[in-house]
Amino acid sequence: MAVQPETSSSAVESPNEHEKLQIDELRRRLSQALPRGIPNDLDTDLNLSRWIRGYHADFDKIEKNFRSYVSSREAAGFVGDDFPEKFFERNDIAPFLKFIASSRLQDRQWSEAHNSFLFVEKAWSQPRDFIKTFKTSDYLLHCFGYSEMLLQLILRREKKQPLEKGPVQFIVLFDLACINITDYVNPMSGYMKLWQLRSELWQDWYPEMVHRIYLVNPPRLVSLLWKCARLFLSEQNLKRMEIVGNMADLSTKHLPKWFVPKAYGGDFVNTVPPGDEAGVSIREKITAVDHYRPYQHYKKRGVERPKSSHKDISPGETFIVPIQVPEGKSLLWDFTVSGEVHFHIQRGKQEDDMVYPQLHLVTNKLNEEGELEKLKEDEYSFCFTNHSSYFTLKLEYSIAIV
């Protein structure tokens, strides 16, 4: 089964005259809406055009999501000129890399004709163990940071090119060889929910970065796979996907042979560690020893977990827990929710001043836990939002000042 992609095999066009007027208007609106203006690295015509195209020029929606993205990016610390080089060394990222088979190619595998570089990923081989090892926030922060790394590589390329060359993107090879399709039959399972939340984050905060997604080594029940994809992806992004049933087609019909890794029928062989010959990090098997153990952050600090509090959050309601923190103290927390919650922590009264990014979380298998160390004296607010239109959210939480 193949789906005809929306874009041609050539590079995406640069903004036309009408879009340039829209870019000017969006820049004006965002400059006024953001307390510190648009961050310099994001304030380019090509980058703003991605948001306009991805949101079909819905400026109200762009403004809302761009603000939450910029604040969350700052809160997560996913900033700095050297971020792409430092990402894999971060303390909140490095411990999980051995379980995630994702591309370590950076932007080295580059196609001028497509104005795109290559990204390779392999599907989870142990989804049931995966969700016992990663809290939802662990996985989403990894996806958030990786998406930001790819964006920064794109922005670097675009700085070196004339505007007329158009926006840089990346081409995805997504390897489904390890997938057991029966693990994905239930759309309400914990690992399917992680896929949904990951897809939502990518589509909300990183529009129009993907040129094409090729699904390789598909399972036999391709129709079921496609139904799963339709649960997570917008129609616009679905049109960018193509299932490649015959591997030889990848390097003969779709992409240049030199561009495609040898493992997928091409000629390219990666020689730069720690990636394998396709440029993908080598994944270790998850065992019971790797499963997440709750409440360890309290034990590490030598404190008892505080008695938990409860709150029923009505549909559409935001519940805020303000905490006054003395200079140099740290915040520790954990919580469970009966459904989906949007969570962030802000300093003072301004939502834009986040110290923990806004994430869409679930706690099906593991508690959500975290800590913020050595804070400045101020009031910090834990913000829980129930975006459901119908269901009340049951929250149980504990917060400690250490």
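Q: Is Gln236 buried or exposed in this predicted model?
A: Let's start with where the residue sits: Gln236 lies in helix α9 (residues 235-238). Helices here are DSSP runs of H or I with at least four residues, strands are runs of E with at least two, and both are numbered from the N terminus. Buried means under 20% relative accessible area, exposed over 50%, and partly exposed in between (1.4 Å probe, protein chains only). Gln236 has a relative accessible area of 15%, so the verdict is buried.

Q: Which residue's side chain has a polar contact with the side chain of Gln236?
A: A polar contact is a pair of N or O atoms within 3.5 Å; within protein, one must be able to donate a hydrogen and the other to accept it, and residues adjacent in sequence count only if both atoms are side-chain atoms. The two side chains here are joined at 2.7 Å, and the partner of Gln236 is Glu208.

Q: What should you know about the numbering and the model before going on?
A: Residues are numbered from 1 along each chain as its sequence is written, and side-chain values use heavy atoms, with hydrogens and water left out. The model is predicted, so to speak with a filter: local features need pLDDT of at least 70, while totals for chains, interfaces and linings use all residues, and side-chain atom pairs count only at pLDDT 80 or more.

Q: How far apart in space are Gln236 and Gly54?
A: Along the sequence, Gln236 and Gly54 are 182 residues apart. In space, going C-alpha to C-alpha, the value is 8.4 Å.

Q: Which residues does Ser199 contact, leaving aside neighbours within four places in sequence?
A: Ser199 is found in helix α7 (residues 190-205), and at 7% relative accessibility it counts as buried. Contact means heavy atoms within 4.5 Å. With those sequence neighbours left aside, the contacts are Phe232 and Leu233.

Q: Why are the buried residues of α1 on the same side of the helix?
A: The buried residues are Glu19, Gln22, Ile23, Leu26, Leu30 and Ala33. They sit on the same side of α1 because they cover only a small part of the way around the axis, an arc taken from the directions from the helix axis to the C-beta atoms. An α-helix has 3.6 residues a turn, so residues three or four places apart point the same way. The arc in α1 is only 105°.

Q: Which helices do the buried residues of α1 pack against?
A: On the other side of α1, Glu17, Leu21 and Gln32 are exposed. The buried residues pack against α2 (45-54) and α3 (59-76).

Q: Which strands stand at the edges of the open sheet of 5 strands?
A: The order is β1-β2-β3-β4-β5, with mixed pairing. Two strands pair if DSSP finds at least two bridges between them. Each edge strand has a single partner strand, so one side is left without a neighbour in the sheet; these are β1 (110-111) and β5 (241-244).

Q: In β10, which residue is the bridge partner of Phe343?
A: Strand β9 (residues 341-347) has 6 of its 7 residues buried. Next, 5 bridges join β9 to β10 (residues 354-361), and the two run antiparallel. They form a hairpin with 6 residues between them. The partner of Phe343 is Leu359.

Q: In β12, which residue is the bridge partner of Arg347?
A: β9 also pairs with strand β12 (residues 378-385), in the antiparallel sense over 6 bridges. Within β12, the partner of Arg347 is Tyr380.
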